[in-house]
Amino acid sequence: TRSLTITSVDQSMFEKAQGEKVTLPCTFELSEEDEGPLDIEWVLIPADNQKKEQIIIMYAVDRIYNHYYGAMTGRMQFTNLDPRSGDGSLDILNLKAADTGTYQCKVKKAPGVQSKKIQLTVLVKPARTKCSIEGSQEIGKDVTLKCVSQEGSPLLSYDWRRVSGTQELPATSMLNRNTGELLLKNASREYSGTYNCVASNRVGTDECSVELNVTPPVNTAGIITGAIIGTLLGLSVLCSLIFCCCKKHREKKYEKEVHHDIREDVPPPKSRSSTARSYIGSNRSSLGSMSPSNMEGYTKTPYSQVPSEDFERAPPQNPTFAPSKVAAPNLSRMGAVPVMIPAQSKDGSIV
């Protein structure tokens, strides 16, 4: 007796890139003896045999149920909206690396039951590939060009090529396709140029470039000597500035101390004019009782002659006058004011 048969047996393994779409085939034929209700299930078989199978999508009693597997919600559907036509294939959209696994299609229509397993591998294309240079780019040195992809499913393969000059790798170069390292031994000026790295796997490629510039060795001794001399010059200039600032500060401090240094125990010096006025005033007071008659014997001294400061140290001489027999005239009645005029004696002293 002929029963239900799955006809899509041509392909059981699929490799797709992340973000792409895949159609897992599951077509079937019914026999006349299959009279029960049609039931189609897609399940995910875990790699760990200890875990149970996970139903992804199901068709039963003329209805579609696709809410069993949350990780694929909104990304899966039956290829044919009416699976009763004999097509129970499954479409998975926007593939992710986590979708990798074994999928099984089960078709039931009593008494017939058939199933088919399909292996799906979701690969990630190489992405964010970066090129770099390791080692000194000097003539005679060994230089290593590195190429690494931040994303990408294994097995990744790397290939270097030169895109400038002769467009051929140097004869001394050594390439490791698994690690992406290109070793250039005993580099010369001819090695300079642009190098391109291509990372690839079964689903895609990605590339990057780097510029190599081989130069003569650097004069390290000259650089060190120049650095030392520059440092010493800088220190000398700094010390000079500090010395000048300190010297200027001391000078300002000294001027300030001299300007404000006032001794309270030493009286200020007297001027000659004040000394002369003090002397004349004292003599006027001593001669106030003299009458005009007693002053006739004195000679007049001009006021422009100012006595020296030696008089401050000499004791004042109080002249003695002989009593006068002639009465002094009453000057107040005459309207005159008596004026005391100092006189000079024969020996030159003022009396």
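This report describes salt bridges in a predicted model.

## Overall count

Across the whole structure, the search finds 11 salt bridges. In general terms, side chains of opposite charge can pair when their charged atoms come close.

## Bridges at K146

K146 takes part in a salt bridge with E134, where the closest N and O atoms lie 3.0 Å apart. This pair links distant parts of the chain, since E134 belongs to strand β12 (residues 127-134) and K146 to strand β13 (residues 143-151), with their positions 12 residues apart in numbering. E134 has a relative accessibility of 43% and counts as partly exposed, and K146, at 24%, also counts as partly exposed.

The side chain of K146 also meets that of E181 in a salt bridge, with an N to O distance of 4.0 Å. Here, too, distant parts of the chain are linked, with K146 in strand β13 and E181 in strand β16 (residues 181-184), 35 residues apart. E181 counts as partly exposed because its relative accessibility is 35%, which falls between the limits of 20% for buried and 50% for exposed.

## The R177 and D159 pair

A salt bridge also forms between R177 and D159, whose closest N and O atoms are 3.2 Å apart. R177 lies in the loop between β15 (173-176) and β16, whereas D159 lies in strand β14 (residues 157-162), so that the pair, 18 residues apart, links distant parts of the chain. The relative accessible area is 44% for R177, which is partly exposed, and 32% for D159, which is likewise partly exposed.

## A shared network

D62, D82 and R84 are joined into one network by salt bridges that share partners.

Notes:
Residues are numbered from 1 along each chain as its sequence is written. This is a predicted model: local features need pLDDT of at least 70, side-chain atom pairs count only at pLDDT 80 or more; totals for chains, interfaces and linings use all residues. Side-chain values use heavy atoms; hydrogens and water are left out. Helices (H or I, at least four residues) and strands (E, at least two) are DSSP runs, numbered from the N terminus. Buried means under 20% relative accessible area, exposed over 50%, partly exposed in between (1.4 Å probe, protein chains only).
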